[in-house]
Every structure is written in C-alpha cells, then in structure tokens.
Amino acid sequence: MGSATTINKAALQALRDRARRDVDAGLPFGGVEGCSIALAKDGEILWEEGFGAACADTPILLLSITKTVFESALWQLFAGSLKPEDRVLEIIPDFMSGTAPDLTIGMLETHMGGFPWAPLDFPEAADRDTRLAAFREWRTDRKPGEAYEYHPLCVGWVLAEIVERVSGVDYRTFLKRQVLEPLGLSGVKGVSLGEPISALKDVLLHHNCMYGWAPDPSKRAPMVYGLDTHEGLALGTPGAGGVGTASGVARLYQAYLSNPGELWNPAIHRDAISRTRIDGPDPVGRPMLRTLSFLQAGPPEGRFGERDVFGSAVSDRTFGHGGQGGQIAWADPDTGLSFCYLTNTVVFPPFCFHPRARELSSLAARVLNR
C-alpha cells in the first residue's frame with residue numbers, strides 16, 4: 001500500500017461506499033455480484049479492495065479493457081517494420097477476398113474498419129483455419145476510414161493474426177513475453193490473456209444480465225465467445241477475453257504512463273497514449289476522442305461521450321477504456337493516478353456507457369491529496 005498521507009480518506013470512503021452500493025442493491029435491482037477497485041501512483045498500489053463475491057485479488061474478466069492490454073503488443077511491433085498505416089492486405093493477402101484494399105491496421109485499432117459485426121464466435125474461433133476462412137468471407141458495411149463505429153470483437157482477431165504473421169509467435173505468447181512478463185504482471189492475479197483452464201479456477205465468472213435479471217441461471221443469456229465459462233476464457237479472445245485483477249490493470253496503466261525502461265519505443269508510446277486520431281461523432285452522435293488504443297477524456301465542455309466514462313474530475317489528458325457493466329480503467333498524466341474498477345456482472349444494453357463508470361471515476365480522481 002502507498003502512504004496513507006497521500007490519500008484523502010473522506011474521498012476514499014466515498015469511493016468505497018459507491019462500489020459497495022451496487023453489491024448491496026443485488027442482481028434483481030441492477031446491482032452486481034462482485035466487484036473490485038484499485039488505485040495506483042508512482043508504480044505502486046495506493047489502495048485495492050474487493051466487494052461482495054470478489055476479494056481484492058480475485059481474477060475477473062476484463063471485457064473491452066482487454067483491447068488496451070492486447071494492443072500494447074502491437075506497439076512493440078510498430079518499432080520495427082510494421083506501421084499503423086500498413087494495409088491489412090499486405091499482411092493477410094486474402095482478407096475479405098481482397099474487397100477492402102484500403103483498410104489499414106490503424107483503421108482496425110480506431111474502429112474505422114467498417115465491419116463492426118462481422119460474424120465469428122466460440123468455439124469456432126478457437127481454430128485458426130476457421131478464423132482465416134471467416135476472414136475471407138467477411139465484407140465491410142461501409143467504406144473503411146469513413147466513420148467511427150465501435151467494433152466490439154471481430155477486429156481483435158484480425159490484429160491477433162497480424163501479430164502472429166509479423167512476429168512468428170502465438171499472439172497470446174507474444175503479449176505475455178514482450179509486455180506482461182517484463183512488467184511483472186503476467187498471470188490471472190495480474191493481467192493475462194488465454195491462460196490454461198487450470199489457471200482459471202479462481203476467476204469470478206460473469207453473469208450476463210444485460211437484458212434483465214433471471215433468477216434461474218440456466219435462463220440467463222450466455223455471453224459471446226463463452227466468456228462466462230472457463231473454456232471460453234482459456235481461448236484468449238483478443239478484444240474482450242483478458243483476465244486479471246483491478247490492481248494488475250491499475251499497475252499496467254502505470255506502465256502506460258511511465259514506459260519503464262523504455263519497454264516501448266518512446267515515440268510510439270507517446271503516439272499510442274496521447275495522439276488524437278479520431279475526433280468526431282459515433283453513430284448516435286456522441287463526440288469521441290480516440291488514440292490508437294484508448295479513449296481520451298478531452299475538455300469537459302461538449303465532451304459528453306468520453307466524460308460519461310471518465311467523469312468530471314480527471315484531467316483532459318486522461319486516457320483509458322471502459323467495459324460492459326461499468327468496468328473502467330484509466331490513467332491521468334497530470335496527476336500520475338491510475339484507476340481500475342472490475343465487476344463480474346454485465347448490465348445495461350450492449351455498448352451503453354454505464355453511469356457507474358462515470359460516478360466511480362469521478363470519486364477515484366479525488367482520492368489524492370493535492
């Protein structure tokens with residue numbers, strides 16, 4: 001733990017009370033079964049705690065926060081011959097049977113690819129030949145680069161294939177060796193992707209309640225890619241299948257702030273966390289700021305899209321990502337603080353910004369005495 005003198009105790013208590021409130025509410029009333037929070041600064045955990053069915057070190061599915069974990073492996077490759085501007089067809093020659101010649105890696109990462117709902121699911125996705133066959137059959141719904149539209153899952157598989165073709169290493173192994181192990185974060189008690197089933201026994205499995213709570217677990221809708229099963233988690237879905245702890249994610253975001261030992265090329269690292277590549281509306285008109293891998297907070301005025309995720313108390317330079325159910329991870333370069341909230345309960349319709357992410361983030365940003 002960090003020194004208690006760095007923490008505003010009243011603000012921390014407000015954060016803890018807000019996290020506990022959803023556990024106390026219960027699943028029938030839009031609450032959660034379990035959740036955990038962590039705050040970090042200067043590479044160290046200031047505070048971590050679990051609530052309900054989760055302890056502080058309980059592994060939980062990271063959902064879309066996974067994107068910001070996995071794409072840090074691409075930053076490694078961008079230091080070599082690979083570039084965000086490279087065309088996908090140059091690496092996967094039969095992608096979409098050649099019908100999207102202008103699609104680039106950067107468009108994939110910034111959700112400008114034009115194929116957000118390309119079909120692929122578990123267990124078929126576990127077989128690489130099946131994935132490649134799906135790639136050939138996919139088609140864009142709009143011209144790549146034309147508009148921002150969040151791609152929840154399909155893009156991750158394309159990026160994974162690119163990592164494997166360029167590095168010659170399995171995408172999960174590459175992430176582990178090149179990023180997570182050097183940072184001392186590898187494993188389900190830190191941050192992981194595609195661990196064997198034997199390592200996943202302590203994971204607090206997810207409940208999918210996004211279409212309404214059902215008392216009978218057998219009547220709850222299953223999650224895509226089997227993400228509510230050990231078998232699905234073992235696959236390592238690159239866009240949503242990471243597993244870790246809130247403290248592991250908070251520490252990873254500390255690394256994103258400081259780039260320890262220049263793990264990533266400094267220019268590429270700065271680009272990844274701070275260069276705005278998307279500044280425009282999503283399909284429902286919310287203004288969005290994005291780097292290659294992150295949402296950005298931006299100024300509060302008129303930024304109701306991102307500020308619905310980050311809350312009002314962070315700096316404009318804050319970067320991070322949300323996950324279904326109100327999960328949130330961010331780092332603020334102005335204060336050096338990073339924050340993560342994880343829960344195993346999916347609520348609200350898909351891709352809605354959950355108010356609990358905003359409320360928890362607003363409270364977390366006030367915890368530092370300054």
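Arg317 sits out in the open: with 51% relative accessibility, the residue counts as exposed. Its salt-bridge partner is Asp334, and the closest N and O atoms of the two are 2.7 Å apart. Asp334 is in the loop between strand 11 (327-332) and strand 12 (337-343), while Arg317 is in the loop between helix 10 (304-310) and strand 10 (319-323), so the bridge ties together parts that are 17 residues apart in sequence. Asp334 itself is partly exposed, at 49% relative accessibility. Keep in mind that all of this comes from a predicted model.

Now for the strands around that pair. Strand 11 is a good place to look, because six of its six residues are buried, which leaves the strand largely enclosed by the rest of the structure. In a regular strand, side chains alternate between the two faces of the sheet. Here, Gln327, Ala329 and Ala331 point one way, and Ile328, Trp330 and Asp332 point the other way.

Strand 11 has a partner in strand 10, running antiparallel to it and joined by five bridges. Another partner is strand 12, again antiparallel and again with five bridges. Ile328 shows both pairings nicely: Gly322 stands opposite Ile328 on one side, and Tyr341 in strand 12 is its bridge partner on the other. Both connections are hairpins. The one between strand 10 and strand 11 has three residues between the strands, with Gly325 at a positive phi near 95°. The one between strand 11 and strand 12 has four residues between them, and Gly336 in that turn has a positive phi of about 80°.

Back to charges. Side chains of opposite charge can pair when their charged atoms come close. A search of the whole structure turns up 22 salt bridges, and here are some of them:

| Acidic residue | Basic residue | Closest N and O atoms |
|---|---|---|
| Asp17 | Arg20 | 3.5 Å |
| Glu359 | Arg18 | 2.7 Å |
| Asp334 | Arg317 | 2.7 Å |

Asp17 and Arg20 are a local affair: both lie in helix 1 (residues 9-25), three residues apart, about one turn of the helix. Asp17 is partly exposed at 39% relative accessibility, and Arg20 is partly exposed at 28%.

Glu359 forms a salt bridge with Arg18, and this pair links distant parts of the chain, with Glu359 in helix 11 (residues 355-364) and Arg18 in helix 1, 341 residues apart. Glu359 is partly exposed, with a relative accessible area of 28%, whereas Arg18 is buried at 8% relative accessibility. These two also belong to a network of salt bridges that links Arg18, Arg21, Asp22, Arg356 and Glu359.

Technical notes
Residues numbered from 1 in each chain as written. Predicted model: local features only at pLDDT ≥ 70, side-chain atom pairs only at ≥ 80, totals over all residues. Heavy atoms only, no water. Salt bridge = Lys/Arg side-chain N within 4 Å of Asp/Glu carboxyl O. Helix = DSSP H or I, 4+ residues; strand = E, 2+ residues; numbered from the N terminus. Buried < 20%, exposed > 50% of the residue type's maximum accessible area, 1.4 Å probe, protein only. Pairing = 2+ DSSP bridges.
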